[in-house]
Amino acid sequence: MANDNIGNHRMVVGAHYGLVDWLAQRVTAVLMLVYTIVLLVAFLLSGDIGYEGWGGLFAQQWFKLLTFATFIGLFYHAWVGMRNIWMDYIKPIGVRLLLQVLTIVWLVACVGWTIQILWRM
Amino acid sequence: MSESGKTSKRQFRNISLADLTRYRFPIGSIVSILHRISGAFMFLLLPAILWLLDKSLYSEISFEYFKGITSHWFVKLVLLALIWAYLHHVCAGVRHLLMDMHMGLDKPTSKQSGILVLSVSLTLTALVALKLFGAF
């Protein structure tokens, strides 16, 4: 069965059969780790944080950009993780494809929402 | 089970769902399945997280609204679950990255690092819980 899954016989709902997603999962993880540390340090330095401090932090362009890049990383990370979950537990190809498409649509929508949250204030 | 009547010794083949209750999970698989569960949980609550972030940033009024909502005990409980999920996912993720670099792959070390992941994430979660529910 494994030998059947090559060339044009490859399953349409399989992974990318390569290093890309494996590596992206790790790179985005490190990015989120760095962001967590930056956020934590900013949070701890500010003392008693109110809207002034919180909003002020997110009002700076560099922090908006870092947040945006991290969230894009998060969404990609979530895509790889959720796809792996669908691949492990959902066997009918049609259902799996539907769930994968819904996951992508939802995560792309989240990109738009993130932009709105970050740049309208 | 009854088919393997030839021998009295219990045979471990593919286990069924019912066997899971009797199966002793090694520490590595507990960390691993919790990594998956915490990830899926955070994905499911992504709309709530973005919504709360939005409320906390939009204006001073919405910030007060955010504070009001997050002071409700049930919301605090959900937030605590999210914080646990994040802490576990991060700790297990760091262990994962180290293992990718071939560090701590032998059985005793991986067992120790698994216990470390669980104890660090649970201790930090407990501290956040105390803070969240006003113990200090």
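In this predicted model, helix H1 (residues 20–45) of chain A and helix H3 (residues 61–89) of chain A cross at roughly 140°, and their axes come within 9 Å. An angle over 145 would be needed to count as roughly antiparallel, so H1(A) and H3(A) end up oblique to each other. The crossing itself is left-handed. On the H1(A) side, the residues that do the touching are Asp21(A), Ala24(A), Gln25(A), Thr28(A), Ala29(A), Leu31(A), Met32(A), Tyr35(A) and Val38(A). They meet Leu66(A), Thr70(A), Gly73(A), Leu74(A), Tyr76(A), His77(A) and Val80(A) from H3(A). Sorted by class, the contact of H1(A) with H3(A) holds 10 nonpolar, 5 polar and 1 charged residues.

Gly73(A), a residue of helix H3 of chain A, gives a handy view of this pairing. Leaving aside its neighbours within four places in sequence, Gly73(A) is in contact with Thr28(A), Leu31(A) and Met32(A). Its C-alpha also sits 8.5 Å from that of Ala24(A), although 49 residues separate Gly73(A) and Ala24(A) in sequence. Is Gly73(A) buried or exposed? Neither label quite fits: 19 other C-beta atoms lie within 10 Å of Gly73(A), and the cut-off for buried is 20 or more, so the residue counts as partly exposed.

Zooming out to the whole of chain A, the count is 4 helices and 0 strands, and the elements run α-α-α-α from the N terminus on. Of the 121 residues of chain A, 11% count as buried. Contacts that span long stretches of sequence are well represented: among those in chain A between residues at least 6 apart, 74% join residues at least 24 apart.

Chain A also touches chain B, with 16 residues of chain A in contact with 17 residues of chain B. On the chain B side, the elements that supply two or more residues are H1, helix H2 (46–58), helix H3 (60–69) and H4 of chain B. H2(B) gives the most, with 7 residues. By class, the side of chain B that touches chain A is made up of 10 nonpolar, 3 polar and 4 charged residues.

Within chain B, H1(B) packs against two helices described here. With H4(B), the angle is about 130° and the axes are 9 Å apart, which means that H1(B) is oblique to H4(B). This crossing is left-handed. From H1(B), the contact uses Val31(B), Leu34(B), His35(B), Ser38(B), Gly39(B), Phe41(B) and Met42(B). Their partners in H4(B) are Leu82(B), Ala85(B), Tyr86(B), His88(B), His89(B) and Ala92(B). The residues of the contact of H1(B) with H4(B) come to 8 nonpolar and 5 polar, with no charged ones.

The other partner is H5(B). Here the axes come within 8 Å and cross at roughly 40°, which again makes the pair, H1(B) and H5(B), oblique. H1(B) and H5(B) cross in a left-handed sense. Ile27(B), Gly28(B) and Val31(B) in H1(B) meet Ser110(B), Lys111(B), Gly114(B), Ile115(B), Val117(B) and Leu118(B) in H5(B). That contact has 5 nonpolar, 3 polar and 1 charged residues.

As for helix H5 (residues 107–132) of chain B itself, its 26 residues reach 37 Å from the first C-alpha to the last, close to the 38 Å expected at 1.5 Å a residue. Which residues of H5(B) are buried? They are Ser113(B), Gly114(B), Val117(B) and Ser121(B), and what covers them includes helix H1 (27–44) and helix H4 (73–100) of chain B.

Two backbone details flank this part of the chain. After H5(B) comes Gly134(B), with a positive phi near 75°. In the loop between H4 and H5 of chain B sits His102(B), whose phi is near 65°, a positive value in a residue other than glycine. Most residues other than glycine have a negative phi. His102(B) has 7 other C-beta atoms within 10 Å, so this histidine counts as exposed.

Terms used. Residues are numbered from 1 along each chain as its sequence is written. Chains are lettered from A and ligands numbered from 1 in the order in which they are written. This is a predicted model: local features need pLDDT of at least 70, side-chain atom pairs count only at pLDDT 80 or more; totals for chains, interfaces and linings use all residues. Axes are lines fitted to C-alpha atoms, for helices over the stretch in contact, and angles run from 0 to 180 degrees between N-to-C directions. Angles under 35 degrees count as roughly parallel, over 145 as roughly antiparallel, 65 to 115 as roughly perpendicular and the rest as oblique. A crossing is left-handed if the near helix is turned anticlockwise from the far one by less than a right angle, and right-handed if clockwise. Two residues are in contact if their C-beta atoms, placed from the backbone, lie within 7 Å. Ala, Val, Leu, Ile, Met, Phe, Trp, Tyr, Cys and Pro count as nonpolar, Asp, Glu, Lys and Arg as charged, and the others, Gly among them, as polar. The expected span of a helix is 1.5 Å times one less than its number of residues. A residue is buried if 20 or more other C-beta atoms lie within 10 Å of its own, exposed if 12 or fewer, and partly exposed in between; C-beta atoms are placed from the backbone.
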